[in-house]
Amino acid sequence: MVLRRRPCRLARSERSAAMTRALFGFELAMLLKARFTWIIGALLFAALSWGAVNGQANADAQQATIDRVKVHAAAKVAKQQADVARYSRPFDAVLPYWQDPSDAAGYMRYGLAAYAVKPPSPLAGIAIGQSRLLPFYIKTDLDYVAPPAAAFDFINPRILSLGDFDLSFVLVYVLPLALIAIGASRLAAERDSGALRLMAAQLPSFRQLVMLKFSVAAVVCVPFTLGATVLALLVAGTPCWSMQTMDTMLLLGAALAGFTLFWVALTALVANRIGVVGSYLRLVSVWIGFTFFVPAAGALLIDMAYPAQSPLLYLDDLRRANDFKPGDRDALFVALARAEPAYASAAERVGKVSYATKQIAVQQAVERQVAERAAAAARQNELASGKAATLRWLSPAMVFDTLLQQAAGTGVERHKRFIKRTGAYTDELRAFFWPRAMAEAANPANACQGCAGRMNFTDHDKIPRFEADRPLDGVAGGIGGAVGYLWLLAGAVVLMLWSGRTFRV
């Protein structure tokens, strides 16, 4: 009896598999032939290309500015070296110290042209991120007090308030809407027309039909999104397939595929239960929640729990700390000079020591006075940043946006490292100039008697130079967790779709 039923079961299974393949091919052909699909795809590709071009233009403009900064600094040093050679000959007049490139104190305060730069990443065209709000080059000042003064061109705040239309904006905000527009009507419209009952009768279960339609949408949308994004980057001229960007690009592709699959699966999960209008309303509501409500609510909570200290308080402390009388400045310098036997003789002639040299002692005193306020602000910022990083996992849009900024080298974390390295570079310059200026004050004799310049400082070639970071170093490891999160989220929605108990025709 069992042997007689086995061929029937086998035939039924073969018919089901054949029907599944036929329906898959039919659905795939219908989706690809639909004019609406091509319209949405064309508009999405146009938006991706426009965003990529804008992002790459911003990166190119920053690189051009950094190149000009380097040329300016090199030209200034070359001119100063030529001046040193010209002033090394006997001359009737003597240059004031602030105009003398061979005076260590005058040069470090008035002649130094040293810059810390944050060059754009090869993938900077993907996301403008914070690069238009934060400085990407800083003219170092030995009076540096954190946070440093920014050195960048002013931008109309009305333009900044509109945000930047770049590739990341399209992928994070526009792409989900395009996927909803394409996928929401695949099941919902057939449910409204009654065709869904007929299609479901051809398969063993309605779940199988839902998964089939989801698979068709995923097969079309995921490759199209990946291909359109890469093509948009190529149109913009972004070097996305060089050897140094290959591993990062592969991870970005995996993240984009996971993000796309999440929205396709979520669309299928919602659209199989209700009609077209209800599907669009619910999916757009979910999109608004993930994209706007969760980030806004998180920002409000963090602002209430960790209110940022007013920068005016810091500026007021800085003003008070710099409010020195000449006698106070002299006393500070005398104490500094007497603390080091090699410079003790400078304390006896404090009245003849240059203002630039005395500022060494003043700067140290200022930083001691504002250290507590600066440290408190830094701690508050770190606490708020840590909580924000935790809350970010509640929104796939925030996770994906942060991932794109990290890959592009335009996020906040890289800027924090840049500011920290700028401070270290300033300390390196201080260690180079301050001992020379103090030794000059202790021994005021000119190295060249009768020359226009003092010739006490001729080591311009030995001035420390800022070593820019490599933007892609560590990026692949930094975004790996976010890529896994997006795929885990997509897998969870697919599992909910497969194990749904409330499917009804």
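**Exercise 1. Work out how helix 2 (residues 35-87) and helix 3 (residues 104-111) cross, and which residues make the contact.**

Solution. Start with the axes: those of helix 2 and helix 3 come within 13 Å and cross at roughly 155 degrees. Keep in mind that this is a predicted model. Next, turn the angle into a word. Angles over 145 degrees count as roughly antiparallel, so helix 2 is roughly antiparallel to helix 3. The crossing of these two helices is right-handed. Now look at who touches whom: Lys76, Val77 and Gln80 come from helix 2, and Tyr107, Tyr110 and Gly111 come from helix 3. Sort the residues of this contact by class and you get three nonpolar, two polar and one charged.

**Exercise 2. Do the same for helix 8 (residues 246-271) and helix 9 (residues 276-305).**

Solution. Axes again: helix 8 and helix 9 come within 9 Å of each other, crossing at roughly 140 degrees. That angle makes helix 8 oblique to helix 9, because over 145 degrees is what counts as roughly antiparallel. As for handedness, helix 8 passes helix 9 in a right-handed crossing. On the helix 8 side, the contact uses Phe262, Trp263, Leu266, Thr267, Val270 and Ala271, and these meet Ser279, Arg282, Leu283, Val286, Trp287 and Phe290 of helix 9. Split by class, the residues of this contact are nine nonpolar, two polar and one charged.

**Exercise 3. Find how many disulfides the structure holds, and decide whether cysteine 221 and cysteine 240 are buried or exposed.**

Solution. First, a reminder: a disulfide is a covalent bond between the sulfur atoms of two cysteines. The structure holds one disulfide. It joins cysteine 448 to cysteine 451, with 1.7 Å from S to S. To count as a disulfide, the two sulfur atoms must be within 2.5 Å. Both cysteine 448 and cysteine 451 are buried. Now for the other two cysteines in the task. Buried means under 20% relative accessible area. Cysteine 221 has 6%, so it is buried. Cysteine 240 has 1%, so it is buried too.

**Exercise 4. Place serine 395, methionine 455 and threonine 426 in the fold, and say whether each is buried or exposed.**

Solution. Take serine 395 to begin with. You'll find this serine in the loop between helix 13 (355-391) and helix 14 (396-408). Its relative accessible area is 0%, so serine 395 is buried. Skip its neighbours within four places in sequence, and serine 395 is in contact with Phe290, Val294 and Tyr485. Phe290 also turned up in Exercise 2, in the contact of helix 9 with helix 8.

On to methionine 455, in the loop between helix 15 (412-442) and helix 16 (475-498). Its relative accessibility is 14%, so methionine 455 counts as buried. Check the backbone as well: phi of methionine 455 is near 60 degrees, a positive value in a residue other than glycine.

Last comes threonine 426, which lies in helix 15. With a relative accessible area of 0%, threonine 426 is buried. Threonine 426 and aspartate 141 are 285 residues apart in sequence, yet 7.0 Å apart in space, C-alpha to C-alpha.

**Exercise 5. Sum up the whole chain: how many helices and strands are there, and what percentage of the residues is buried?**

Solution. Count the elements: the protein chain has 16 helices and two strands. Then burial: of its 505 residues, 44% count as buried. Finally, take the contacts between residues at least 6 apart in sequence; 85% of them join residues at least 24 apart.

Key
Residues are numbered from 1 along each chain as its sequence is written. This is a predicted model: local features need pLDDT of at least 70, side-chain atom pairs count only at pLDDT 80 or more; totals for chains, interfaces and linings use all residues. Side-chain values use heavy atoms; hydrogens and water are left out. Axes are lines fitted to C-alpha atoms, for helices over the stretch in contact, and angles run from 0 to 180 degrees between N-to-C directions. Helices (H or I, at least four residues) and strands (E, at least two) are DSSP runs, numbered from the N terminus. Angles under 35 degrees count as roughly parallel, over 145 as roughly antiparallel, 65 to 115 as roughly perpendicular and the rest as oblique. A crossing is left-handed if the near helix is turned anticlockwise from the far one by less than a right angle, and right-handed if clockwise. Contact means heavy atoms within 4.5 Å. Ala, Val, Leu, Ile, Met, Phe, Trp, Tyr, Cys and Pro count as nonpolar, Asp, Glu, Lys and Arg as charged, and the others, Gly among them, as polar. Buried means under 20% relative accessible area, exposed over 50%, partly exposed in between (1.4 Å probe, protein chains only).
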